[in-house]
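Me: Please pick one helix in this structure and go through it closely. I want to know how it sits against its neighbours.

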Amino acid sequence: MTATFADGSTAHADLLIGADGLRSTVRTIIDPGAPPPRYVPLLNTGGYARGLRLDVEPGEMHMVFGRGCFYSYIVHPDGDVWWFANPRQPREQAREELAAVTADEWRARLLDLFAEEDGPARDLVTATDEIFAGWNTYDFPKVPVWHRNRMIIVGDAAHATSPASGQGASMAIEDAVVLAKCLRDAGDVPDAFTTYESLRRHRVERVVAQGKRNGDGKTLGPVMRHLLPLLFKLHRPGPEAMAWLYGYRIDWDSPVSPCSSGRPGTRG
């Protein structure tokens, strides 16, 4: 097959893997009716605080359900503090609208959101020279069509998840390994794609749903935020409850049994 790019150049290959993210072009080539991403009502911003010394261990990530905004920070071994915040934003804003917000306005907004915080949130904002311009959060609860003929999508192009899941990169890496196994063991490319989808779809859609639930927790009202510590103590999931997410393993050496797509498949 031949891929033609915007600059007029072309590339020839046996298959096309679209790992082109949330706004995937390959996804719409495969399925012109593919749904748009879903807006998750959170913004993302953050920065690098310098000259601020916090009494925490380097490398430990601290996540705080603040009174006005969720935020997280981690101290680098050199003393700098890397942090991000998720201001609530019920209405989706266009890129141009977000880009029009100045750095000073972002700083003022965050300082206002963190006005009643007991933790280091305001100090993080004050010690940061450049605060990242905010951007929207999206996910894909379901992308109906992942592949057609010799084209397929992987990673965020197929199943973008909210950053609140903490699994975006993990899902993409898993995709790459499982797809490689399917291409190795299936009888042909279409069979490999069908088998890959059968192995991946349920898991990644479950991760997306988990990410949405995690993100919804960041938009709780003041009453629920006060109750959150108690709820965590009463319903804190044990390691076994999350084993499906964190205990997932791929055995590279085990063969894949291809699914039938109308053509006979064989093991490699």
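Reply: The part described here is helix 6, followed by the core and the sheet around it.

This is a predicted model, in which local features need pLDDT of at least 70, side-chain atom pairs count only at pLDDT 80 or more, and totals for chains, interfaces and linings use all residues. Residues are numbered from 1 along each chain as its sequence is written, and side-chain values use heavy atoms, with hydrogens and water left out.

Helix 6 runs over residues 168-185 (helices are DSSP runs of H or I, at least four residues; strands are runs of E, at least two; both are numbered from the N terminus). Its 18 residues should span 26 Å at 1.5 Å a residue, and the end C-alpha atoms are 26 Å apart, which agrees; the expected span is 1.5 Å times one less than the number of residues.

M171, E174, D175, V178, L179, K181, C182 and D185 are the buried residues of helix 6 (buried is under 20% relative accessible area, exposed over 50%, with a 1.4 Å probe and protein chains only). They lie on the same side of helix 6, because they cover an arc of only 160° around the axis, taken from the directions from the axis to the C-beta atoms. The face turned away from that side carries A169 and I173, both exposed. The cover over the buried residues includes strand 3, strand 10, helix 5 and helix 7.

Helix 6 also supplies at least two residues to the largest nonpolar core, as do helix 1, strand 10, helix 5, helix 7 and helix 9. Helix 7 gives the most, with six residues. This core has 27 residues, and L179 and C182 are among those that touch the most other members, along with W146, I153 and Y196. Such a core is a set of buried Ala, Val, Leu, Ile, Met, Phe, Trp, Tyr and Cys residues joined through side-chain atoms within 4.5 Å. Leaving out residues up to four places away in sequence, Y196 touches D175, V178, L179 and C182, and also W146, I152, I153 and V154; contact means heavy atoms within 4.5 Å.

Strand 3 and strand 10 belong to an open, mixed sheet of three strands in the order 3-10-9 (pairing needs at least two DSSP bridges). Strand 3 and strand 9 are the edges. Strand 9 pairs with strand 10 in the antiparallel sense over two bridges, and R148 stands opposite M151 in strand 10.
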